[in-house]
Amino acid sequence: LIYLMASAALLAAGCSTENKAEGTEYGTLKVSCTADGSIDAASDDTSRMPAAPSVPQAGDFTLTVTGESGTQKWDTLTEFEQSDAVMGTYTVSVAHGDPDAEGIDKPYYAAEKRVEVLPRRAATVEMTATIANSQTVVRATEQFLNYFHDAQFTVTTASGNQFDFTPGSTPADEPVFVKSATTLKVTGTARRQSQTGTDEGPKVTFSEQTLEATSPRTCHIFTFDAKDAGSVTLTVTLSDDYTETRQIDCEVNEGAIDDTK
């Protein structure tokens, strides 16, 4: 966790001497921001939990304050200097990163609160900026890797970005950050074990699977399993509270020998 305090002023745009004469009064606005880099993911196997993402350094957050007179922005909280704040209600938001960026180590932090500034008083806004985008990763169980080899999976987002995963690789694939509320489509291929020992084994294509919408601050884990020789299942895990298991169709590529027949 990081902590940063900033205090500053918002002069009402176009505020004139006449306005002040009518009794406009000022207070002080202070912003306290803490960053939390935790990700919600299933905890049944802590050794496979995604690593915590990088946490912004103090002062790296951008600040936006919106009131009745308009919006003011600061590139960093450290640039937020003290002055008078006109009495009224403001929306204060902090952010770090790009909400549209997708890839490894691209967390997007955000927080927002409303605050009322009263005459001759200090209004303090305390916020915890959490990860507002999502993560995803593809894994496979030991049973799957015993029955299949050379497995390759691709996750495609609604933005058209594609991320490749190779379950069982060393080092293990890292989760990638994707936009929140985006659709994820998972496709992949693998080879069954050779029955003759002289070939690579038949190549199969797994039916495309879709997750309609990602959730913020959540790692979406796609786990392929093969408990039975002739079947494959996919477990979609969002957290300890959400797990969905699907039966996956396997199509043997043309020209390959289906060893299940």
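The side chains of strand β9 divide between two directions, with Ser134, Thr136, Val138 and Ala140 pointing one way and Gln135, Val137 and Arg139 pointing the other way, and all of them are buried. This division follows a general pattern, since in a regular strand the side chains alternate between the two faces of the sheet. The model discussed here is a predicted one, and in it β9 is largely enclosed by the rest of the structure, because seven of its seven residues are buried.

Two other strands pair with β9. With strand β12, which covers residues 176–178, β9 pairs in the antiparallel sense over three bridges, and within this pairing serine 134 has valine 178 of β12 as its bridge partner. With strand β15, residues 219–225, the pairing of β9 is in the parallel sense and extends over six bridges; here threonine 136 stands opposite histidine 220.

Threonine 136, which belongs to strand β9 (residues 134–140), serves as a point from which to look at the surroundings of the strand. Its relative accessible area is 0%, and since buried means under 20%, threonine 136 counts as buried. A polar atom of the threonine 136 side chain lies 3.0 Å from the backbone oxygen of histidine 220. Apart from neighbours within four places in sequence, the residues in contact with threonine 136 are Val155, Phe165, Pro175, Val176, Val178, Leu184, His220 and Phe222.

Turning to the chain as a whole, the secondary structure comprises two helices and 18 strands, and 44% of the 261 residues count as buried. Among contacts with a separation of 6 or more, 67% are between residues 24 or more positions apart. The accessible surface of the protein chain comes to about 13,700 Å², and carbon and sulfur atoms account for 44% of that surface.

A search of the whole structure finds six salt bridges, including the three set out below.

| Salt bridge | N to O distance | Separation in sequence |
|---|---|---|
| Arginine 120 and glutamate 25 | 1.9 Å | 95 residues |
| Aspartate 36 and arginine 217 | 2.7 Å | 181 residues |
| Lysine 179 and aspartate 100 | 3.6 Å | 79 residues |

In the salt bridge between arginine 120 and glutamate 25, the closest N and O atoms are 1.9 Å apart. This pair links distant parts of the chain, with arginine 120 in the loop between β7 (109–117) and β8 (122–131) and glutamate 25 in the loop between α1 (17–21) and β2 (26–36). Arginine 120 counts as exposed because its relative accessibility is 66%, whereas glutamate 25, with a relative accessible area of 30%, is partly exposed.

The side chains of aspartate 36 and arginine 217 meet in another of these salt bridges. This pair also links distant parts of the chain, for aspartate 36 lies in strand β2 and arginine 217 in the loop between β14 (203–211) and β15. Arginine 217 is partly exposed, at a relative accessible area of 27%.

The side chains of lysine 179 and aspartate 100 likewise meet in a salt bridge. Because lysine 179 lies in the loop between β12 and β13 (184–192) and aspartate 100 in the loop between β6 (88–96) and β7, the pair ties together parts of the chain that are 79 residues apart in sequence. Lysine 179 counts as partly exposed, its relative accessibility being 25%.

Terms used:
Residues are numbered from 1 along each chain as its sequence is written. This is a predicted model: local features need pLDDT of at least 70, side-chain atom pairs count only at pLDDT 80 or more; totals for chains, interfaces and linings use all residues. Side-chain values use heavy atoms; hydrogens and water are left out. Helices (H or I, at least four residues) and strands (E, at least two) are DSSP runs, numbered from the N terminus. Buried means under 20% relative accessible area, exposed over 50%, partly exposed in between (1.4 Å probe, protein chains only). Contact means heavy atoms within 4.5 Å. Accessible areas come from the Shrake-Rupley method with a 1.4 Å probe; for residues, only the protein chains shown count as cover. A polar contact is a pair of N or O atoms within 3.5 Å; within protein, one must be able to donate a hydrogen and the other to accept it, and residues adjacent in sequence count only if both atoms are side-chain atoms. Two strands pair if DSSP finds at least two bridges between them. A salt bridge is a side-chain nitrogen of Lys or Arg within 4 Å of a carboxyl oxygen of Asp or Glu.
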